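Welcome! Let us walk through a protein together, beginning with the whole and then visiting two places within it.

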Amino acid sequence: IEAIADFERTIGLNPSNYMAFIARGKVYLEQDMLEPAIDDLTKAVSLSDNQAVAFYLRGIAYFRLEKFDKAIDDFSKSISIRPDHALAYNDRGSARWKAGDSHGAITDYQQAVFLDPTMHFTFNNMGVVRMEAGFLQDATEFFTTAIRLNPAYKQALNNRGIARLKL
């Protein structure tokens, strides 16, 4: 990938350029090259520990590797630097849910939609957590909200159908 080569050249010219490590880490992440992404993002935060995006992207990599505790830690660091980052709350909620903390997941999802009430996928996520807990009517309402925000959102349509079937 040409972008990686460009960032390698940039890093070769200036090895303390944390932005180049973040950018290359993001490319690695987009290519599903998770270990090199983590390495670059770790280098970026070692050079500048106030980069919310580096912690956020590394959290995504850890999530994909199913290292949910590490993902939660990184999403939390991202949020502490940038408390208005709705996606970080959503993704920390998903990591908490995968780690078995449904209450923490719902709390994070609620904060995410408080910050950005257009995040249809977060309403779907809340519905999934509530459905798994047996609160089918609540789940149906969350799925309906997700569908109202994005009428073509197939996952929410499917999930609402499952919840209604179980009612």
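Here is a guided tour, starting with how the model should be read.

This is a predicted model, in which local features need pLDDT of at least 70, side-chain atom pairs count only at pLDDT 80 or more, and totals for chains, interfaces and linings use all residues. Residues are numbered from 1 along each chain as its sequence is written, and side-chain values use heavy atoms, with hydrogens and water left out.

Take the whole protein to begin with. Its secondary structure comes to ten helices and zero strands; helices (H or I, at least four residues) and strands (E, at least two) are DSSP runs, numbered from the N terminus. Along the principal axes, the C-alpha atoms fill a box of roughly 60 × 30 × 25 Å. Of the 167 residues, 46% count as buried. Buried means under 20% relative accessible area, exposed means over 50%, and partly exposed is in between, using a 1.4 Å probe and protein chains only. Look next at contacts (heavy atoms within 4.5 Å): among those between residues at least 6 apart in sequence, 44% join residues at least 24 apart.

Now find helix 2, residues 18–30. How far apart are its end C-alpha atoms? They are 18 Å apart, which agrees with the expected span of 18 Å for 13 residues at 1.5 Å a residue, because the expected span is 1.5 Å times one less than the number of residues. At the start of this helix, a side-chain oxygen of Asn17 reaches to within 3.1 Å of the backbone nitrogen of Met19. The buried residues of helix 2 include Phe21, Ile22, Val27 and Leu29, and Arg24 is also one of them. Which helices do the buried residues of helix 2 pack against? Their partners are helix 1 (2–13), helix 3 (34–47) and helix 4 (52–64). Helix 2 is followed by Asp32, whose phi is positive, near 60°.

For the last stop, move along the chain to Asp101, in the loop between helix 6 (86–98) and helix 7 (102–115). Is Asp101 buried or partly exposed? Asp101 counts as partly exposed because its relative accessibility is 33%. A polar atom of the Asp101 side chain lies 2.8 Å from the backbone nitrogen of Gly104. Finally, Asp101 and Val129 are 28 residues apart in sequence, and their C-alpha atoms are 9.9 Å apart in space.

Key: Polar contact = N/O pair within 3.5 Å; in protein donor to acceptor, adjacent residues only side chain to side chain.
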